[in-house]
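Student: Please show me the model, and then we can go through its sheet and its core.

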Amino acid sequence: MLRHLEVRDLGALERASLSIGPQMTVVTGETGAGKTLLVEALQLVLGGRADPGLVRPGATEATVAAVFDHEGQSVELSRTVAVHGRSKASINGVVVTVADLRSSAGTLLDIHGQHDAQSLFLPDAARRALDRAG
C-alpha cells in the first residue's frame, strides 16, 4: 500500500508531497491540475521509462520517492532522472538497476487508467480473455 509520494522537478511540478492514509484515497482536480504528473511519477518510481523531457525546465534532475507498506515492512523506492538522460534507482537507499526496481515494485502497486478495459470491445481481445478464463 502506498503511504507517501514525494516529487521534485517533474514536468510542471516543482515539488509535490502526498501522504496517504489507510482509507480509500481519490485524487481529483481540474484539467491541468497535475493528476497525470502524479501517475507519471508513480510509473517512474515503479521502473517505467525515464524520459529526460520530464525534467522541469531549469532543473538538472527530477526526483521521485515513494514509501510503501508491504507485508508489515516499509519499502522506499526512489528514482532520479537527469536532464541529460541518465537515471538512478534505489530501494531502501541501496542503488539498484532499473530492472531490479521494476521487479521489486511489481508486487507493490498496480496502476489502472480509465480506458484499460476498452480493449475488451475488440473481438480478438475479448476472445483471448475468455479463453484464458475458461
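Tutor: A nonpolar core here is a set of buried Ala, Val, Leu, Ile, Met, Phe, Trp, Tyr and Cys residues joined through side-chain atoms within 4.5 Å, where buried means under 20% relative accessible area with a 1.4 Å probe, protein chains only. This is a predicted model, in which local features need pLDDT of at least 70 and side-chain atom pairs count only at pLDDT 80 or more, while totals for chains, interfaces and linings use all residues. Residues are numbered from 1 along each chain as its sequence is written, and side-chain values use heavy atoms, without hydrogens and water.

Student: Which element gives the most residues to the largest nonpolar core?

Tutor: Helices (H or I, at least four residues) and strands (E, at least two) are DSSP runs, numbered from the N terminus. The core has 30 residues, and Leu 5, Val 7 and Leu 77 are among those touching the most other members. Elements giving two or more residues include β1 (2–10), β3 (61–70) and α2 (98–105). With six residues, the top contributor is α1.

Student: Which residue of β3 is the bridge partner of Leu 5?

Tutor: Strands pair if DSSP finds at least two bridges between them. β1 and β3 are antiparallel, with six bridges. In β2, Leu 5 has Leu 18 as its bridge partner; in β3, the partner is Ala 66.

Student: Which strands stand at the edges of the sheet, and why is one side of each left without a neighbour?

Tutor: The open sheet has six strands in the order β2-β1-β3-β4-β5-β6, with antiparallel pairing. Each edge strand has a single partner, so one side lacks a neighbour in the sheet; these strands are β2 and β6 (94–96).

Definitions and conventions. Buried means under 20% relative accessible area, exposed over 50%, partly exposed in between (1.4 Å probe, protein chains only).
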